[in-house]
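Open the structure in your viewer and keep the selection tool ready. The stops below start at the ligand and end in two loops.

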Amino acid sequence: MDDRVHPEVRRTATEIDTMEIRGAATIADAAARALRTQATESDAADAEAFRAELRAAARTLHETRPTAVSLPNALRYVLRGMSSTTVEGLRQNVVDSADEFCARLERAQADLGQVGANRLRDGDTIMTHCHSTDALACVEAAVEQGKHIEAVVKETRPRNQGHITAKRLHELGVPVTLIVDSAARRYLNDVNHVLVGADAVAADGSVINKIGTSGLAVNARDRGTPITVAAQTLKLHPGTMTGHTVDIEMRDTAEVVDDETLAELGNPTVKNPAFDVTPPRYVDAIVTERGQFPPESIVILMRELFGEGTSEPWAEP
Ligand SMILES: O=C(COP(=O)(O)O)[C@H](O)[C@H](O)COP(=O)(O)O
């Protein structure tokens, strides 16, 4: 571990790694705040040392979880704001960029919520997968518009993020039916929309989200149920414009089965991918703070927001 990295940054990195901090938007917010702390607490002697320290902190955060592109997008946003030539100037640059990033994230989620809410009608029932703050922002805005919304919530094995969604929806006054993941197809008959979030959206409009999203989307399409993905532009993956693929995180098998049970089963191989890829043809709309897009046209928005250059500011010069 690089000893230039502030303990608070290391703590944030550990919490992202162990999923105490989780969900793409929340991870991005925490990463920006951690860089801010690195900057405010830095005692770097000169501007070059300060820049190197910030890059080291960004690398520590970047190495935690590979799939949610909001994390590198957050790091890029904050690091690219460093334009000054003095330590004090750079410190202020990082503080300003981090604050601006967090404020924009919050505003984007609220704006996206309004767009997503317009897709929901009074009396609709949605089906959710995992826990997405972007998806919940749509429900919250719909409820604020006075619409009655109900929800069928998939528990989302192995980590049961559906429980967080159920609790949050209950707080919003939305009646919830909790189901096991394998019951999704059965209950698709009872819902008007599938509403999920995204960890990344690729240039071809593919949606990378919690494992099980793609199967849900295929089943929903078969049933004729529209699939909405709530994903602020922070989830757009610039690297996919230049041919890079999205790395799918493989997590510890202990999340699926404990060692004792595993031994009783004769030690089978266990695989625990955290995310999967839903091809654009199964997605009806990607809802962002800039409006809703058919997945195939998302690349136009990506070019506008990111241009074509994707070199990483935390790389050593
Ligand atoms: O797949 C997940 C979380 O996975 P994990 O629990 O493994 O982090 C969420 O759907 C997206 O991150 C979007 O969340 P948000 O809309 O809050 O960014």
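Select Lys235 and the ligand: an N or O atom in the Lys235 side chain is 2.8 Å from an oxygen atom of the ligand, a polar contact being a pair of N or O atoms within 3.5 Å. The protein covers 100% of the 460 Å² of accessible area that the ligand has on its own (Shrake-Rupley method, 1.4 Å probe).

This is a predicted model, in which local features need pLDDT of at least 70 and side-chain atom pairs count only at pLDDT 80 or more, while totals for chains, interfaces and linings use all residues. Residues are numbered from 1 along each chain as its sequence is written, and side-chain values use heavy atoms, with hydrogens and water left out.

Next, select Arg65, whose side chain has an N or O atom 2.8 Å from a ligand oxygen. At Asp134, a polar backbone atom is 2.9 Å from an oxygen atom of the ligand.

Now show the whole shell around the ligand. Which residues come nearest among the 18 around the ligand? They are Arg22, Ser132, Thr133, Asn209 and Lys210; a residue is near if one of its heavy atoms lies within 4 Å. Colour α2 (24–41), α6 (133–144) and β6 (207–210), as each supplies at least two shell residues (helices are DSSP runs of H or I with at least four residues, strands runs of E with at least two). Domain 1 (7–109) and domain 2 (114–306) each give the shell at least three residues, with bounds from an automatic or database domain assignment.

Move to the loop between β2 (150–154) and α7 (161–171) and select Pro158. The peptide bond from Arg157 to Pro158 is cis, with omega near 5°.

Last, select Met19, in the loop between α1 (7–17) and α2. Met19 is not a glycine, yet its phi is positive, about 70°. Most residues other than glycine have a negative phi, and most peptide bonds are trans.

Key
A polar contact is a pair of N or O atoms within 3.5 Å; within protein, one must be able to donate a hydrogen and the other to accept it, and residues adjacent in sequence count only if both atoms are side-chain atoms.
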